[in-house]
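Welcome! Let's walk through a protein model together, one step at a time. Keep the picture beside you as you read.

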Amino acid sequence: MTMASLTAGRERLEATLSASAAALTAAHAELTAEDFVASPHPPSAQVCLADALLTQVEALQQSLRRYRTLVTMREVWARAAPLSEHVSSS
């Protein structure tokens with residue numbers, strides 16, 4: 001698998017996760033409230049499930065951001081490695 005295909009796959013996954021989060025919050029507007037659980041009316045089972053799914057989507061988005069950062073750091077280190085090989089250790 002090439003780096004380009006991995007990047008394209010990651011970008012598609014990011015777009016899908018963003019669309020999922022947007023769809024969940026659009027379908028359940030109460031999820032955008034500061035603390036919807038503290039409302040005087042208990043949330044429905046659908047809202048609770050949507051909240052759980054949204055939490056998972058947000059966790060996956062965070063994992064992708066961390067992965068992207070690690071890949072970027074790895075590329076930077078790889079470019080810097082040849083320079084450090086030329087430094088002699090005394």
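One word will come up often, so let's settle it at the start: a residue is called buried when its relative accessible area is under 20%, exposed when that value is over 50%, and partly exposed in between. Keep in mind as well that this is a predicted model.

Now for the overall plan. The secondary structure of the protein chain consists of two helices and zero strands. Of the 90 residues in the chain, 14% are buried. The chain exposes about 7,000 Å², and 62% of that area is supplied by carbon and sulfur atoms. Among contacts with a separation of 6 or more, 59% are between residues 24 or more positions apart.

Let's begin at the start of the chain. Met1 sits in the segment before helix 1, which covers residues 3-27. Is Met1 buried or exposed? Met1 counts as exposed because its relative accessible area is 85%. Together with Met3, Leu6 and Tyr67, Met1 makes a nonpolar surface patch of about 470 Å².

Next, follow helix 1 itself. Helix 1 has 25 residues, so at 1.5 Å a residue it should span 36 Å. Its end C-alpha atoms are 36 Å apart, which agrees with that expectation. Which residues of helix 1 are buried? They are Arg10, Leu17, Ala21 and Leu24.

Three of those names return in the interior of the model. Here a general idea helps: in soluble globular proteins, nonpolar side chains tend to be buried together. The largest nonpolar core in this model has nine residues, namely Leu17, Ala21, Leu24, Leu31, Val47, Ala50, Leu54, Val57 and Leu64. Helix 1 and helix 2 each supply at least two residues of this core, and the largest share, five residues, comes from helix 2. To see one member up close, find Leu24: leaving out residues up to four places away in sequence, Leu24 touches Leu31, Ala50, Leu53 and Leu54.

A buried residue need not be nonpolar, as Gln61 in helix 2 shows. Gln61 has a relative accessible area of 17%, and therefore counts as buried. Setting aside neighbours within four places in sequence, Gln61 is in contact with Leu17 and Ser18.

Now let's turn to charges. Side chains of opposite charge can pair when their charged atoms come close. How many salt bridges does a search of the whole structure find? The search finds two.

One salt bridge joins the side chains of Arg10 and Glu14, with an N to O distance of 3.2 Å. Both residues lie in helix 1, four residues apart, or about one turn of the helix. That spacing fits a general rule: an α-helix has 3.6 residues a turn, so residues three or four places apart point the same way. Arg10 is classed as buried because its relative accessible area is 16%.

In the other salt bridge, Glu14 pairs with Arg68, and their closest N and O atoms are 2.8 Å apart. This pair links distant parts of the chain, since Glu14 is in helix 1 while Arg68 is in helix 2 (residues 45-85), 54 residues away. Arg68 has a relative accessible area of 32%, so it is partly exposed. Through their shared partners, the salt bridges join Arg10, Glu14 and Arg68 into one network.

Note on methods
Residues numbered from 1 in each chain as written. Predicted model: local features only at pLDDT ≥ 70, side-chain atom pairs only at ≥ 80, totals over all residues. Heavy atoms only, no water. Patch = residues over 30% accessible without salt bridge, like charges linked within 9 Å, V, L, I, M, F, W, Y side chains within 5 Å. Areas by Shrake-Rupley, 256 points an atom, 1.4 Å probe, with all protein chains shown as cover. Salt bridge = Lys/Arg side-chain N within 4 Å of Asp/Glu carboxyl O. Buried < 20%, exposed > 50% of the residue type's maximum accessible area, 1.4 Å probe, protein only. Expected span 1.5 Å × (residues − 1). Contact = heavy atoms within 4.5 Å. Core = buried A, V, L, I, M, F, W, Y, C linked by side-chain atoms within 4.5 Å.
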